[in-house]
Amino acid sequence: MDFAYTLAGFAVGAIVGLTGVGGGSLMTPLLVLMFGIHPSVAVGTDLLYAAITKAGGTLAHSLKGSVDWQITRRLATGSIPAALVTLWAVHRYAPGGMDGATHVITFALGVALVLTAVAILFRSRIQAFSTRVMGETPNPVRTRNLTIATGAILGVLVSISSVGAGALGVTALFFLYPALPALRIVGSDIAHAVPLTAVAGLGHWALGTVDWALLGSLLIGSLPGIWLGSHVSARVPDRVLRPILASTLVLVGAKMITH
């Protein structure tokens with residue numbers, strides 16, 4: 001079974017490298033639906049998996065100067081407290097704690113997957129709409145407050161579903177910062193995902209919902225998978241990949257919602 005986990009990690013890593021979409025939208029439902037991993041364990045393990053794999057991406061973007069640390073701090077100001085409060089609330093008030101919150105986690109994961117698919121398909125239209133609504137020079141105070149609020153929403157979603165820090169985060173930043181180059185938006189989103197997933201993942205570890213052996217098996221496969229996917233990505237048209245991936249996420253999300 002460890003080899004199957006490694007193979008799954010390789011496949012998801014290759015898709016992440018190929019499309020740029022976060023592994024949470026693929027890895028968590030794969031662990032739940034294919035391997036029968038308890039949803040809370042799948043989410044907790046995937047959060048630390050994301051923190052480790054995205055740390056390398058953050059370093060690369062930082063060296064290129066494509067991280068806007070002010071945006072990253074604003075997102076983290078909202079997301080990290082929201083993630084901690086969400087984990088505490090689920091542990092404190094959900095029947096059976098985190099282990100008893102299976103239905104909530106599964107439903108939240110399904111909703112997050114569908115939203116991620118929408119974000120993938122309509123990212124350019126959302127960006128164009130943002131330019132019309134926010135203007136070329138948005139109000140800085142409103143933009144700051146909306147960025148912190150966006151971080152809080154992502155913190156809630158990521159802490160209970162492990163989905164949202166990738167495509168949803170990037171789409172939100174395109175809306176809030178329409179004049180910012182795409183590379184800086186992607187770099188800032190990846191940089192924000194590292195502390196958010198690390199804090200949420202450590203919170204799950206404290207609650208006993210992280211499988212370290214599973215995490216190691218996934219990482220062994222994902223790192224070469226990401227490397228391969230990133231090299232192949234230049235040869236595969238984005239217009240072909242994104243609709244296929246979005247359709248898959250909708251189907252998986254609908255399955256999780258009705259699971």
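**Exercise 1. Which residues is Gly253 in contact with, leaving aside its neighbours within four places in sequence?**

Solution. The structure under study is a predicted model. Begin by placing the residue: Gly253 belongs to helix α11, which covers residues 238–257. Next, consider its surroundings. The relative accessibility of Gly253 is 0%, so this residue counts as buried. Once neighbours within four places in sequence are set aside, its contacts are Gly110, Leu113 and Val114. Finally, take one of these partners, Leu113: 140 residues separate Gly253 and Leu113 in sequence, yet their C-alpha atoms are 5.1 Å apart in space.

**Exercise 2. Describe the place and the contacts of Thr45 and Asp46.**

Solution. Step one is location: Thr45 is in helix α3, and Asp46 is in helix α3 as well.

Step two is burial. Thr45 has 0% relative accessibility and therefore counts as buried. Asp46, at 0% relative accessibility, also counts as buried.

Step three treats Thr45. Not counting residues up to four places away in sequence, Thr45 touches Thr209, Val210, Asp211, Leu214, Leu215 and Leu218. With Asp211 there is a polar link, since the side chain of Thr45 reaches the backbone nitrogen of Asp211 at 3.0 Å.

Step four treats Asp46. Its contacts, apart from neighbours within four places in sequence, are Gly23, Gly24, Met27, Thr28 and Ser162. The side chains of Asp46 and Ser162 form a polar contact at 3.0 Å. The C-alpha atoms of Asp46 and Leu218 are separated by 9.0 Å, although the two residues are 172 residues apart along the chain.

**Exercise 3. Examine helix α7 from its N-terminal end to the residue just after it.**

Solution. At the N-terminal end, Asn139 acts as a cap: a side-chain oxygen of Asn139 lies 3.0 Å from the backbone nitrogen of Val141.

The helix itself comprises residues 140–161, 22 residues in total. From first C-alpha to last, α7 reaches 31 Å, close to the 32 Å expected at 1.5 Å a residue.

The buried residues of α7 include Thr143, Thr147, Thr150, Gly151, Leu154 and Val158. A general point helps in reading such a list: an α-helix has 3.6 residues a turn, so residues three or four places apart point the same way.

Just after α7, Ser162 takes a positive phi of about 65°. Ser162 is also the partner of Asp46 in the side-chain polar contact of the previous exercise.

**Exercise 4. What span should the 25 residues of α9 have, and where does Thr197 fit into this helix?**

Solution. First, the span: at 1.5 Å a residue, α9 should extend over 36 Å, and its end C-alpha atoms are 36 Å apart, which agrees. After α9 comes Gly208, with a positive phi near 80°.

Second, Thr197: this residue is in α9, residues 182–206. Thr197 counts as buried because its relative accessibility is 2%, the cut-off being under 20%.

Third, the polar contacts of Thr197. Its side chain reaches the backbone oxygen of Ala193 at 2.6 Å and the backbone oxygen of Val194 at 3.3 Å.

Fourth, the contacts beyond four places in sequence: Thr197 meets Leu47, Leu48, Ala50, Ala51 and Val158. Of these, Val158 is one of the buried residues of α7.

**Exercise 5. How many salt bridges does the structure hold, and which parts are tied together?**

Solution. The count is 1 salt bridge. The side chains of Arg184 and Asp68 meet in it, at 3.7 Å from N to O. Arg184 lies in helix α9, whereas Asp68 lies in the loop between α3 (39–64) and α4 (69–93), so the pair ties together parts 116 residues apart in sequence.

Burial is then assigned to each partner. Arg184 has a relative accessible area of 25% and is therefore partly exposed. Asp68, at 14% relative accessibility, counts as buried.

**Exercise 6. Which residues make the nonpolar surface patch, and which helix gives the most to it?**

Solution. The patch covers about 360 Å² and is made by Phe10, Trp227, Leu228 and Val232. Helix α10, residues 212–232, gives the most, with 3 residues. Val232 is found in that helix. With a relative accessible area of 33%, Val232 is partly exposed.

Notes: Residues numbered from 1 in each chain as written. Predicted model: local features only at pLDDT ≥ 70, side-chain atom pairs only at ≥ 80, totals over all residues. Heavy atoms only, no water. Helix = DSSP H or I, 4+ residues; strand = E, 2+ residues; numbered from the N terminus. Buried < 20%, exposed > 50% of the residue type's maximum accessible area, 1.4 Å probe, protein only. Polar contact = N/O pair within 3.5 Å; in protein donor to acceptor, adjacent residues only side chain to side chain. Contact = heavy atoms within 4.5 Å. Expected span 1.5 Å × (residues − 1). Patch = residues over 30% accessible without salt bridge, like charges linked within 9 Å, V, L, I, M, F, W, Y side chains within 5 Å. Areas by Shrake-Rupley, 256 points an atom, 1.4 Å probe, with all protein chains shown as cover. Salt bridge = Lys/Arg side-chain N within 4 Å of Asp/Glu carboxyl O.
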